Amino acid sequence: MSRRTLLLLAVAVPYAVGVALLLVWPHGDQVREVQLAIWNFGKQHLGVPLSVGPDEYANLANALLVAPLTFVGVLLLTARRWWLVLLIGCAVGVLAEFLQAELGLSRVAQVSDALLNAAGAVIGLLVGVVVDRRVARAGDAAPGSPTEAP
């Protein structure tokens with residue numbers, strides 16, 4: 001296994017575990033408290049506009065939750081398997097909402113959350129494809145590479 005693969009897995013696995021725990025955390029009110037605390041911090045210290053309320057922030061968080069996973073997925077599986085990465089990313093969002101509904105958690109499953117997760121999967125995928133192509137081009141142009149012109 002290459003260093004790059006190990007590094008990507010070292011980042012992706014803990015993130016995926018954290019996302020899984022967050023998505024099936026049994027107490028939705030605790031998740032909401034954390035979201036509000038982060039929103040307040042952003043508003044007070046990072047200049048988040050007052051027009052961005054907690055609900056808009058929660059929607060943005062839902063959209064961006066899966067993006068890092070699909071980004072890393074593209075880099076691990078290469079851009080040629082983008083469709084598989086997208087399928088897995090969208091499935092994560094749908095599975096999360098299904099589990100929230102079926103496990104008897106004090107969470108509210110919403111189709112809109114699954115759609116926002118899917119949008120985030122697309123964002124991560126697109127960024128991953130761009131980065132993967134740039135890395136491949138940089139590798140092709142590196143000194144001593146097989147495609148380097150004499």
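These legends describe an overview and four close-up views of a predicted model. Residues are numbered from 1 along each chain as its sequence is written, and side-chain values use heavy atoms, with hydrogens and water left out. Because the model is predicted, local features need pLDDT of at least 70 and side-chain atom pairs count only at pLDDT 80 or more, while totals for chains, interfaces and linings use all residues.

**Figure 1. Overview of the chain and its 6 helices.** The chain has 0 strands and follows the pattern α-α-α-α-α-α along the sequence. Helices (H or I, at least four residues) and strands (E, at least two) are DSSP runs, numbered from the N terminus. The C-alpha trace spans about 65 × 40 × 25 Å along its principal axes. Of the 150 residues, 27% count as buried; buried means under 20% relative accessible area, exposed over 50%, and partly exposed in between, with a 1.4 Å probe and protein chains only. Contacts are heavy atoms within 4.5 Å, and among those with a separation of 6 or more, 68% join residues 24 or more positions apart. The mean pLDDT (the predictor's confidence in each residue, from 0 to 100) is 87, and 93% of residues reach 70 or more. Among the elements, α4 has the highest mean pLDDT, 93, and helix α3 (residues 54-65) the lowest, 89.

**Figure 2. Helix α5 and its buried face.** The end C-alpha atoms of α5 are 30 Å apart, in agreement with the 30 Å that its 21 residues should span at 1.5 Å a residue; the expected span is 1.5 Å times one less than the number of residues. Val85, Gly89, Gly93, Ala96, Glu97 and Gln100 are the buried residues of this helix. Seen down the axis of α5, these buried residues fall within an arc of 110°, so they line one face; the arc is that of the directions from the helix axis to the C-beta atoms. Exposed residues Leu87, Val94 and Glu102 sit on the face turned away from the buried side. Just after α5, glycine 104 takes a positive phi of about 70°.

**Figure 3. Surroundings of glutamate 97 in helix α5 (residues 82-102).** Glutamate 97 is buried, with a relative accessible area of 8%. Leaving aside residues up to four places away in sequence, glutamate 97 touches Val108, Ala109, Gln110, Asp113, Ala114 and Asn117. A polar atom of the glutamate 97 side chain lies 2.8 Å from the backbone nitrogen of glutamine 110.

**Figure 4. Surroundings of threonine 70 in helix α4 (residues 67-77).** Threonine 70 counts as buried, at 2% relative accessibility. Its side chain reaches the backbone oxygen of alanine 67 at 3.1 Å, and a polar atom of the threonine 70 side chain lies 3.3 Å from the backbone nitrogen of leucine 125. Residues up to four places away in sequence not counted, threonine 70 touches Val85, Gly89, Gly120, Ala121, Gly124 and Leu125.

**Figure 5. The largest nonpolar core.** This core has 5 residues: Val74, Ala79, Val85, Leu125 and Val129. A nonpolar core is a set of buried Ala, Val, Leu, Ile, Met, Phe, Trp, Tyr and Cys residues joined through side-chain atoms within 4.5 Å. Alanine 79 touches Val74, Val129 and Asp132, residues up to four places away in sequence again not counted.

Conventions: Polar contact = N/O pair within 3.5 Å; in protein donor to acceptor, adjacent residues only side chain to side chain.
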